[in-house]
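Load the model, show it as a cartoon, and keep the selection tool at hand. Each stop below says what to pick and what is there.

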Amino acid sequence: MSSEHRDPIFDTLDQLAGLADGDVAGDRMPDIRRRVRATRRKRMAGVGVAAAAVVAAGLGLSQLLPEAAEIDPAPPVGDLGQNVTITAEAPYSDQLRIQVAVEGRSTAYTGADGESVAAGPLSLEVVVDGEVVDESPAAEVSCEPGGEVSTYSVTYPESSRRSVVAPVSGPGKHVVEVRAPYCADGELVDEVTRTTVTSRVGEPVVQAESVADVDGDGRPDTVQVVSPAVGEQGDWILVAQLADGAILSEPLPDTSEWGLPEPRDLDGDGTAEIVVIGGGGESWSAAIYQVDGAGLRLVPTLNESGQDEPLAYGVSEGTPQNVTFQIQLIDEGFMSFRFLDAAPTRPAAVDVRRWVLADGTLTLQDATEPGCVDADFQLTFGAC
Amino acid sequence: MYQDMDMQTGALGPLGRIAADDPLVDFEAYVRASQTKHKRLAFLLTGNLHAAEDLLQAAYAKLYPRWDKVRTYDAPDAYLRKVMLSLRTSLWRRHKNREWSVDELPDLGGSPDHAGGIAQSQALLKALGDLPERQRAAVVLRHWCDQSEAETAAIMGCSPGTVKSNTSKGLAHLRRALGQPEGEES
């Protein structure tokens, strides 16, 4: 629709829509992440129960193949009738993808103004495990005797490349039901077509991998960040496969995503610590691990007073940059820095506070040193 | 109006500037760049600023875990619009209270023009609330989002014919409510 031919209602709608601009939201990401975590926790409750059932059934954890649904067509009514075919698969344990094909021969409807409306499903509703996941609501027509008989064939969604995507609680059997009432010469036939599909647990995914000596034996070890199987919910895990064959693992703290494990010798003892960065953009956190005996140990991070101080950064858009300390990992280790100007133009002068790793604890130092952040946002010590 | 916007890219990370193709950075940039237009759409679909905010955040939260895939789509906005519409319909069905809760519109100033505009917006908001969900969605997508019948049908999960029918009925009602002359849908 070009602007020249735009309906006058557009301007009125646009004026109304613009009123939403006055309701200004702050940084949306914390709330978005909170909602995602809440959904994951909710699903995890179901995953635990269902996973136990799957294991008990002897299916194991590595069977990935989605199961195609069996079809349970609705019976035809007289010489008028309709067949509903449900194609449902579970690509992930917490998601079904559903397509519906409806073929039938039935009578036309009567519209509000008395006109004839072509035969077909009056509406279509897809229900998974008792909850409506998609629908095409009923048109405003009535089913009267004597309507014109015709055949039809429709798919839902209309494009064969699309599916109804339905979240489910976790692995296990799920019931898919479709209702597509049609008009049979004055009788609105409202049958339910039902099928079941089983979703199963997949395999974890190695998201990132680094090689370095992390246990001090002089031999390279492999460190991996592992996420739950695609589509699954659960903890991300840090795994260290040591050169001597030992495999150590530890769940990573709760955050949205974790990136490449970066081996860094932060305390200068010749053995690399494992630095993992989670989140991204303007909100992220870091976790540091050391190989400690037979396990991976999360290094505590404290402020100069000995209180917990997260190695994390997050600031709302618009916050003056001389207020909040930002954090950067440079060759000398983790640094907190704060611009001297509220709205700096880089290169710009900063105050820098070092994070020092000693005796297994990373501590933020109180003393500040002059530093400079260049145009590429790289921090260095000294004046600009 | 509802137009695609360029996404801002690049943000700060602990290792310096994060590449613009980092999916997390990309998602945050997408949220920042798209929130205004999607908030407006949510408002037109719900008629209430609080409900609009909740709908938008819920839609972004649905999009977030799938962003790595959706970001490769030609039109991520279309996916988000479909999510918003699906959530709106789902909430509408789930909650017994299906009333269209209309906000008091903010006062934009004291001039007669502004007062007239507010009165017209209030009338439109009420008229939108009188429409069935599908008609409202069809009108908003077709006549505010500038979506074609085919695009609207894809978002609503119905046929272009259903879109045409819903749009026509919805527009006729809005025009009557606003005292505008009846006309053919362009």
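**Stop 1: a hairpin in chain A**

Strand 26 (residues 348–358) of chain A and strand 27 of chain A run antiparallel, joined by four bridges. This is a predicted model. Select A:A358 and look across to strand 27 of chain A: the residue opposite is A:T361. Two residues lie between the strands of this hairpin. One to click is A:D359, which takes a positive phi near 55 degrees.

Now show side chains on strand 27 (residues 361–364) of chain A. Which of them are buried? A:L362 and A:L364 are, and they point to one face. A:T361 and A:T363 point to the other face and are not buried. Such alternation between the two faces of a sheet is what a regular strand shows.

Strand 27 of chain A also pairs with strand 22 (residues 301–302) of chain A. Here the strands run parallel, and two bridges join them. Select A:T301 to find A:L362 of strand 27 opposite.

**Stop 2: an open sheet**

Stay in chain A and select strands 6, 5, 10 and 13, which form an open sheet in that order. The pairing is antiparallel. Strand 6 (131–136) and strand 13 (192–199) of chain A stand at the edges. Each has a single partner strand, so one side of each is left without a neighbour in the sheet. Look along the sheet for its twist: neighbouring strands are turned by 20 degrees against each other on average, direction ignored.

Zoom in on strand 5 (residues 124–128) of chain A beside strand 6 of chain A. Five bridges hold this antiparallel pairing. For one of the bridge partners, pick A:L124 and A:S136, the latter in strand 6 of chain A.

**Stop 3: A:Y152**

Select A:Y152, in strand 8 (residues 149–156) of chain A. Why does A:Y152 count as partly exposed? Because 15 other C-beta atoms lie within 10 Å, and a residue needs 20 or more to be buried, 12 or fewer to be exposed.

Next, show what A:Y152 meets beyond four places in sequence: A:G104, A:A119 and A:G120 are in contact with A:Y152. Draw a C-alpha to C-alpha distance from A:Y152 to A:A118. The two are 34 residues apart in sequence and 9.1 Å apart in space.

**Stop 4: the nonpolar cores**

Move to chain B and select B:L44, B:A59, B:M84 and B:V140. Within the largest nonpolar core, of 48 residues, these touch the most other members. Centre on B:M84. Leaving out residues up to four places away in sequence, B:M84 touches B:L41, B:A42, B:L45, B:L55 and B:A59. Apart from this core lies another, of 39 residues. Among them are A:V214, A:Y289, A:L329 and A:L362. A:L362 was already seen at the first stop, on the buried face of strand 27 of chain A.

**Stop 5: two helices in chain B**

Select helix 6 (residues 133–143) of chain B. How many of its 11 residues are buried? The count is 10, so mostly covered is a fair description. The buried residues include B:R134, B:R136, B:V140 and B:H143.

Add helix 7 (residues 149–156) of chain B. The helices pack at an angle of about 135 degrees, with their axes 10 Å apart. That makes helix 6 of chain B oblique to helix 7 of chain B. The crossing is right-handed. For the contact, show B:R134, B:A137, B:A138, B:L141 and B:R142 in helix 6 of chain B; they meet B:T152, B:I155 and B:M156 in helix 7 of chain B.

Terms used: Residues numbered from 1 in each chain as written. Chains lettered and ligands numbered in written order. Predicted model: local features only at pLDDT ≥ 70, side-chain atom pairs only at ≥ 80, totals over all residues. Contact = placed C-beta atoms within 7 Å. Pairing = 2+ DSSP bridges. Axes fitted to C-alpha atoms, helices over the stretch in contact; angles between N-to-C directions. Core = buried A, V, L, I, M, F, W, Y, C linked by C-beta atoms within 7 Å. Parallel < 35°, antiparallel > 145°, perpendicular 65-115°, else oblique. Left-handed = near helix turned anticlockwise from the far one by under 90°.
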